[in-house]
Amino acid sequence: MPDIPLTPSRSVLDVDPDTIGTPARAPFVELGLVSCFSFLRGASLPVDMVKTAYALGYDAIGIADANSMAGVVRHHTNAKKLKLTPVIGCRIETAEGLAFLAYPTDRAAYGRLCRLISAGRMKKLDGKWQDKGACDISLGMLAEHSEGVQLILLPPDDLDAEFTIRGDSNVIPFPGSDLEQEAVPQELVASFPNLLGFLSSQLPTLHHLAASRLYRGDDIARIERLDALAKEKGLGLLATNDVHYHVPQRRPLQ
């Protein structure tokens, strides 16, 4: 019997780019898609995502795997073959429970984003060696590496959820005081709406708040609340949908 390979061959998009016309500007494209490189989160290969996007008439497609850039090379290569614009980025999920879509705007920003992910996968926040497959990224780490990285904040399902943010105080101890000669740890506990102002001030490249349907009966009220929160904090509202890229009737949120 012939030998059966232990792993299937890599899926390849066999097409001549010279035979493909540039697609027209689409009214809506998907951002924030996760591929099979997000373990237990996504199932599709980047090549299959690109082929589906092209079949639906998209002119671009964005990939954002969870704390990983593993799928961006295949995503970029196959998108270019079909004359689609590949929006390269990732989904940064922080230790505080917040999530951002992160898209570098130039090569230097791409390098900073990759170093951020490598740091989170190498060590835990307490400095110990990281567990296999885990990635710990704090808001402070994200802020240090966010120059040139366009950030889109993904709101939690429960908009009234509270988050605890640990940081360093900017209080400078007086000589002879009992305070140690270093920054004093402090905690900020706030609900998501009350946290938006802090996040926008600490992350200068955060310009958008994402909105997507949860299909649980309160989508209109939820999106209107997100729109009000975004306007209050000087942010834009961006429609994103994570998993239904196969629906040809998909349109922007109204």
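This report describes the fold, the nonpolar cores and the cysteines of one protein chain.

The model is predicted, so that local features need pLDDT of at least 70 and side-chain atom pairs count only at pLDDT 80 or more, while totals for chains, interfaces and linings use all residues. Residues are numbered from 1 along each chain as its sequence is written, and side-chain values use heavy atoms, with hydrogens and water left out.

The protein chain has six helices and eight strands, which are DSSP runs (helices H or I, at least four residues; strands E, at least two) numbered from the N terminus. Their order from the N terminus is α-β-α-β-β-α-α-β-β-β-α-β-α-β. Of the 254 residues, 42% count as buried, where buried means under 20% relative accessible area, exposed over 50% and partly exposed in between (1.4 Å probe, protein chains only).

A nonpolar core is a set of buried Ala, Val, Leu, Ile, Met, Phe, Trp, Tyr and Cys residues joined through side-chain atoms within 4.5 Å. The largest such core holds 38 residues, and Ile 92 and Phe 100 touch the most other members. Apart from this core lies another of 13 residues, among them Leu 33, Met 49, Ala 53 and Tyr 58.

A search of the whole structure finds zero disulfides, a disulfide being a pair of cysteine sulfur atoms within 2.5 Å. Two cysteines are set out below.

| Cysteine | Nearest cysteine sulfur | Relative accessible area |
|---|---|---|
| Cys 114 | Cys 90, 7.9 Å | 23%, partly exposed |
| Cys 135 | Cys 90, 8.9 Å | 14%, buried |

For Cys 135, the distance to the sulfur of Cys 90 is too far for a bond.
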